[in-house]
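Q: Please take a close look at the helices shown here. How are they built, and how do they pack against one another?

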Amino acid sequence: ELKDQSGIWRFRDLLPILKDEANIVTLREGNTPLYELPRAARSIGVERVYAKHQGMNPTGSFKDAGMTTALSVAHERGFSWVACASTGNTSAAMAAYAARAGMRSLVLIPEGKIAWGKLSQSLDYGALTCQLRTDFDGCVRVLAEVVRRAPVFLLNSVNPYRVEGQKTPAFEIAESLDWQLPDHLIVPGGNLANCSALGKGFLEMKLLGLTDRVPRISVIQAEGANPLYRSMQENGGKELTPVEADTRASAIRIGNPASWRKAVRILEATGGWVEQVNEAEIALAKAEIGAEGIGCEPASAVTLAGLKKLVAQGHVQPSESVVLLLTGHTLKDSDYTIRYHRGDLLTEEEIAPLRPEIESTRRNT
Ligand code: F0G
């Protein structure tokens, strides 16, 4: 059976969410690869750098791990509609899993602000897809009104059943490394669900006695969408002031992250850091991940860009091992990649500080 091949449901004993396994909605997600990035390791000067590629899930992003769990709960409870606001990946995953379960889905996305590949998925899987003339944070506000008035199951990342599925990559990372947990895990920071969910996964492994040590979890944000970074700088994560978000890494163009309190707790519990990276640093890191034969979408590449900074600051030591969480597949936003190589993605001003590196990674088209 397909559910027996799912990388998420093989951890069902640690996912106490369903009454009846017959309700599992799966596309055979999880069991994603952990790749070594030897060139990145050598050029940055860190012994071992790995990429846990969550973009290798059925709909091409990490969202599938949480959608299989949350959709299964929605199905078990007899909902006929599910809904989310999204920068594109949540909506793609939700639409696919809802279709498998025979449920309808409502997607609210910011008009003109998500990658085409993601929009096309939502249509392909049959979601009622509404583009709103606002940003992601505006879509979240509209969705809150919708769920107040209609019996729809809300699938944004505050949904606790999504967190359960999204914690399982922590177990897979441990397995892949023969239970020698990495010293560092670096995740992109948008709505801050990955930080929270993976932190939960690792801390539960410790509670269960499966490990005596957890990796430091660090979060990297785009400079133009950096509310957590600012909050840590200004008040140590006690308050978070929403920002007007803007970055070409459209997946993480989020100014008011839902899970920031949980993320701050995970940062404190594991001893990680928050960094920000600029548009040129993100684009360069994405090209470098591509050149290793791996590839990822722009939001995922903040992890490698951030690792460079954490090493420069002495937070990551040369002898340590690092896992980067790659959240989305390179084909999600091919427009970005083509523009980088064609030379019209970044402005001259953005390129200037990194010109030699950027020029050496650009393929002429
Ligand atoms: N990377 C990708 C590819 C994403 O799609 C997202 C979020 C993130 C990183 C940020 O993750 O919330 O764990 O900090 N995408 C959401 C969406 C918002 O609607 O698809 P986070």
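**Helices in detail**

A: Helix H2 (helices being DSSP runs of H or I of at least four residues, numbered from the N terminus) is followed by Gly78, whose phi is positive, near 80°. The model is predicted, and local features need pLDDT of at least 70, side-chain atom pairs count only at pLDDT 80 or more, and totals for chains, interfaces and linings use all residues. Residues are numbered from 1 along each chain as its sequence is written.

H2 covers residues 63–76, which is 14 residues. From its first C-alpha to its last it reaches 20 Å, close to the 20 Å expected at 1.5 Å a residue (1.5 Å times one less than the number of residues). Of these 14 residues, 13 are buried, so H2 is largely enclosed by the rest of the structure (buried: 20 or more other C-beta atoms, placed from the backbone, within 10 Å of its own).

Helix H11 (residues 279–290) packs against helix H12 (residues 298–312) at about 95°, with the axes 7 Å apart; axes are lines fitted to C-alpha atoms over the stretch in contact, and angles run from 0 to 180 degrees between N-to-C directions. H11 and H12 are therefore roughly perpendicular to each other (65 to 115 degrees). H11 contributes Glu281, Ile282, Ala285, Lys286, Glu288 and Ile289 to the contact, while H12 contributes Pro298, Ala301, Val302, Leu304 and Ala305 (contact: C-beta atoms, placed from the backbone, within 7 Å). By class, the contact of H11 with H12 has eight nonpolar, no polar and three charged residues; Ala, Val, Leu, Ile, Met, Phe, Trp, Tyr, Cys and Pro count as nonpolar, Asp, Glu, Lys and Arg as charged, and the others, Gly among them, as polar.

How values were computed:
Helix = DSSP H or I, 4+ residues; strand = E, 2+ residues; numbered from the N terminus. Buried ≥ 20, exposed ≤ 12 C-beta atoms within 10 Å, placed from the backbone. Parallel < 35°, antiparallel > 145°, perpendicular 65-115°, else oblique. Contact = placed C-beta atoms within 7 Å.
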